[in-house]
Amino acid sequence: LRIGIETDGHRWHVDREEKDIAKTEFLSDHGITIIRLREQPLSPLGPYDLIFKNTMSHKHEIVADLMRQIEIVSGVSILYDSTQWLNDAEYLQFIT
């Protein structure tokens, strides 16, 4: 698979659309499909971009949406559980 995943936070990417589009085009020219996770209120830049709300309460949604996009781009079915993390307790320990 030749898929790149970019995360664009609003604070750092609010005025970078031209650079982000150029980067996506460059990677696309080299056979890499980019999926961008863009924080609200940023707009999508490409056909596979996802817009997310940057809150911990939406973490499962964000990952589930990303996994669906990877399935669409790659044509490969991915098994995942979108309702819970497999190591949720360990994850919560790590981030706190």
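A residue counts as buried under 20% relative accessible area, as exposed over 50%, and as partly exposed in between. This cut-off will be needed at several stops of the tour, which runs through a predicted model.

**The sheet**

Begin by selecting the three strands, β1, β2 and β3. They form an open sheet in the order β1-β2-β3, and the pairing is parallel. Strand β1 (3-8) and strand β3 (50-52) are the edges; each has a single partner strand, so one side of each is left without a neighbour in the sheet. From one strand to the next, the twist averages 20°.

In general, the strands of a sheet pair through backbone hydrogen bonds, in either a parallel or an antiparallel manner. Now display the backbone between β1 and β2, where six bridges join the two strands in the parallel sense. To locate this pairing, select I3, whose bridge partner in β2 is T33.

Move next to the other side of β2 (residues 33-39), which pairs with β3 in the parallel sense over three bridges. Here, select E39 and find its bridge partner F52 in β3.

**The helices on the sheet**

Add helix α2 (residues 17-29), which packs on the sheet and touches β1 and β2. The direction of α2 makes about 155° with that of β2. Then add helix α3 (residues 59-74), which also packs on the sheet, touching β1, β2 and β3. For α3, the angle with the direction of β2 is about 160°.

Return to α2 and pick the C-alpha atoms at its two ends. They are 18 Å apart, in agreement with the 18 Å that 13 residues should span at 1.5 Å a residue. Just after α2, select G31, which takes a positive phi of about 80°.

Within α2, select L27. Its relative accessible area is 19%, so L27 is buried by the cut-off given above. Apart from neighbours within four places in sequence, L27 is in contact with I32 and I34. A distance drawn from L27 to I3, C-alpha to C-alpha, comes to 9.5 Å, although 24 residues separate the two in sequence.

**The two faces of β1**

Select β1 alone and show its side chains. G4, E6 and D8 make up the covered face, whereas I3, I5 and T7 make up the uncovered one. The next stops start from the covered face.

Centre the view on D8, in strand β1. D8 is buried, with a relative accessible area of 0%. Beyond its neighbours within four places in sequence, its contacts are H13, D20, R36, L37, R38, E39, L42 and F52. One of these, R36, makes a side-chain to side-chain polar contact with D8 at 2.8 Å.

**Charged pairs**

In general, side chains of opposite charge can pair when their charged atoms come close. The model contains nine salt bridges, and three of them are visited here.

1. Select E6 and R36. Their closest N and O atoms are 4.0 Å apart, and the two residues form a salt bridge. Since E6 lies in strand β1 and R36 in strand β2, the pair ties together parts that are 30 residues apart in sequence. E6 counts as buried at 18% relative accessibility, and R36 is buried at 1%.

2. Keep R36 and add D20. These residues also form a salt bridge, with the closest N and O atoms 4.0 Å apart. R36 lies in strand β2 and D20 in helix α2, so this pair ties together parts that are 16 residues apart in sequence. D20 counts as buried, at 2% relative accessibility.

3. Select E17 and R38, whose side chains meet in a salt bridge at 3.9 Å, N to O. E17 lies in helix α2 and R38 in strand β2, so the pair ties together parts that are 21 residues apart in sequence. Which of the three classes does E17 fall into? With a relative accessible area of 34%, E17 is partly exposed, whereas R38 is buried, at 0%.

To finish, select E6, D8, R16, E17, D20, K23, R36 and R38 together. Salt bridges with shared partners join these residues into one network.

Technical notes:
Residues are numbered from 1 along each chain as its sequence is written. This is a predicted model: local features need pLDDT of at least 70, side-chain atom pairs count only at pLDDT 80 or more; totals for chains, interfaces and linings use all residues. Side-chain values use heavy atoms; hydrogens and water are left out. Two strands pair if DSSP finds at least two bridges between them. Helices (H or I, at least four residues) and strands (E, at least two) are DSSP runs, numbered from the N terminus. Axes are lines fitted to C-alpha atoms, for helices over the stretch in contact, and angles run from 0 to 180 degrees between N-to-C directions. Contact means heavy atoms within 4.5 Å. Buried means under 20% relative accessible area, exposed over 50%, partly exposed in between (1.4 Å probe, protein chains only). A polar contact is a pair of N or O atoms within 3.5 Å; within protein, one must be able to donate a hydrogen and the other to accept it, and residues adjacent in sequence count only if both atoms are side-chain atoms. The expected span of a helix is 1.5 Å times one less than its number of residues.
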